[in-house]
Amino acid sequence: MRQLKEDISFFLHQKMFVVILALTALGSYGFAVTHESIGIDDTMVDVYLNDGIEVLMGRWTIYLINKLFYLGEFMPHITEIGGVMILLLSVVLYCILLRRILGEKIGIGGYTAFACAFISQPFLGGLYLYYYHSGMDVGYLALALSLLFLLESFGRKGKKYFAYLTGSMLGLWIAVGCYESFIILYIMGLIMILFFRGMTDQNKLTFKLIFQKLALCAGLIVGCLVLRAVIQKVLIAIFSIQSEYSVESRALTACLEFFSDGNGLQNAFMLIKKYWLQYFVNAVVYFPVLVYVMSMVVFAVAAGVLTVKRKTGCYLLLFLGMMTTPFLLTLVEMMPPLYRTCQFMPFFIGCAVLLFYLVCNHKRWKKYGCVVFGFVAAMLIWNQAYEMNRIFYMDYKRYQYEKEVLTDIAKEVTQKYGRGSTVIFTGHYSSPYELADYYYIDYSSKEFGLICRLTDWLDPHLKEKYYSPYGYTFAFDMYHSMIEWGMYAFEYPGREFVNFLRMHGYSLQTVYEEALIQKADIYSENLPNWPEEGSVTEMDGYVIVHF
């Protein structure tokens, strides 16, 4: 613990590190902190935290935190600030992890670039659209401590060895209790530890060590999942958690059935193709994916050079692990992971930045290499922060537009039928293209033509899932219409609209009887769409609003 305090103190006393990191955080998250927006799930905060749906999904950490530090009502500013502060502390711990491996080979400029590239990575913005960010910030903090314990276990024996492994497993347990995909970051963290330790001293890297540590990592993950299942049952029993809402949870049996039926190999190959499109081909049009691909190239070149110079295949094996580890989540989810679930991405890109720093800092071209590194790092961080702001600004515009739509409906219903009217929402809502036009490219564009050339040889139908009337969409999970979601969220049409309007001072009611909802759907088939005249009408004492 004393060593950890000294390491933290080292970074906090580096003025350049603190100032540049603070400016990057301000540039990346300043708009989100000062401009709240209410989106999907934000109207369900009390159900997730107070009623315990998070526990039913296996995400127990934030539920327990809510018992100590209350989060159960939508209060965005304090959670945004708190989340950013925890994220900043987390990235300092990741810097400590890497400094304990690389030491003085990396100057403070390199660690500063790592930290700034980490916190500005735009996929983080995908979770910052949600209130309390699904506990992502706490997960990063716990996972950093877990990797520090794992690193300290190297070379240890006896009780200290098992103590450090236990600490690592408990840290992973807490992180996975926030978001399951932290398992991928844990495996990636181990691979990076092995890779960078091998770079500093070849004697620290052998095939035997790699397989031993990977087997150990697998054992710790299994232990973590067992503990997760135990605490889930304990919390359900202690707090009598149950919910009227259906909670989706993909069981291992469903995954096995997906791959063991008659089309198992075909299903697996289709997942590989979809992953190729989402995480490699989309680099043509989406900057965060381009950065990921370039980071892969940096590690590929480094692995190749080290393999030749040191005459060992260990580095190529570790690079293969870097490429395949993110795909593991695809196998479990039976679909390519959403961008916002890529918790490994900021760390991976930051490590690629450090590796690029080592190349630029080589004594042969150190004088000019430092200038090149500074320029590339500044360009990367600026563009990532710019992309992050785009996510928050688009969501803010979406919120302002949808707030106007729903409050206009509430005003009309209140004027015609009085406060507290019972409303049934029917039809289908489509968010205006103009609110998310950045995430579409025209079918006649050069970029789409290149995407076709990169995919059609493999499967000409691969892209069809991402087709829309407005063009090819490449980041669908970075923009979410609250009204589209709220129409049928948790099997209750319009329930979240009522919650949304209550948050804005309007008192309406809705219904939950399936027969009545079906009757309203049939009744509204020939109604005009909102906001046309007649789209708000009455049926048997209930108000119908038809989209």
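A cavity is a set of grid points where a 1.4 Å probe fits but cannot get out. Keep that in mind as you explore this predicted model, which holds three cavities of 30 Å³ or more.

**Figure 1. The largest cavity encloses about 140 Å³.** Its lining is made up of 16 residues, and those closest to the centre are Ala-32, His-35, Ser-37, Glu-80 and Tyr-128. Three helices each give two or more residues to this lining: H2 (15–34), H6 (76–102) and H19 (366–417). H19 gives the most, with three residues. Sorted by class, the lining of the largest cavity has 10 nonpolar, two polar and four charged residues.

**Figure 2. The second largest cavity has a volume of about 50 Å³.** Look here for Gly-39, Ile-40, Leu-129, Tyr-130, Asp-395, Arg-398 and His-480, the residues that line the second largest cavity. By class, three of them are nonpolar, two are polar and two are charged.

**Figure 3. The second largest pocket offers about 690 Å³ of space.** Unlike a cavity, a pocket is an open set of points. Around the second largest pocket you will find 19 lining residues, with Met-199, Lys-309, Leu-358, Val-359 and His-362 nearest its centre. Helix H15 (287–310) and helix H18 (345–360) each supply at least two residues of this lining. The largest share, eight residues, comes from H15. The classes in the lining of this pocket are 12 nonpolar, two polar and five charged residues.

**Figure 4. Domain 1 and domain 2 meet across a shared contact.** Domain 1 takes in residues 1–241 + 252–361, while domain 2 covers 396–546. Measuring from C-alpha atoms is not needed to follow the view, but the domain centres taken over those atoms are separated by 34 Å. To the contact, domain 1 brings 34 residues and domain 2 brings 32 residues. Between them the two domains bury about 3,000 Å², and 73% of that area is on carbon and sulfur atoms.

**Figure 5. Two spans from the UniProt record come into view, residues 74–96 and 108–132.** Both are among the stretches that the unreviewed UniProt entry annotates as "transmembrane region". In the model, residues 74–96 are 91% helix and 0% strand, with the end C-alpha atoms 34 Å apart. Residues 108–132 are 72% helix and 0% strand, and their end C-alpha atoms lie 31 Å apart. Other stretches with this annotation in the record include 182–199, 211–231 and 279–306.

Notes. Residues are numbered from 1 along each chain as its sequence is written. This is a predicted model: local features need pLDDT of at least 70, side-chain atom pairs count only at pLDDT 80 or more; totals for chains, interfaces and linings use all residues. Side-chain values use heavy atoms; hydrogens and water are left out. On a 1 Å grid over the protein atoms alone, a cavity is a set of points where a 1.4 Å probe fits but cannot get out, and a pocket is an open set with protein on both sides within 12 Å along at least five of seven lines; lining residues have an atom within 4 Å of a point. Grid points are joined across faces, edges and corners, and a volume is the space filled by probe spheres set on the points. Helices (H or I, at least four residues) and strands (E, at least two) are DSSP runs, numbered from the N terminus. Ala, Val, Leu, Ile, Met, Phe, Trp, Tyr, Cys and Pro count as nonpolar, Asp, Glu, Lys and Arg as charged, and the others, Gly among them, as polar. UniProt positions are given in the numbering used here, feature names are shortened, and annotations may be inferred rather than shown by experiment. Domain bounds come from an automatic or database domain assignment. Contact means heavy atoms within 4.5 Å. Buried area is the accessible area (1.4 Å probe) that two parts lose on being put together, summed over both.
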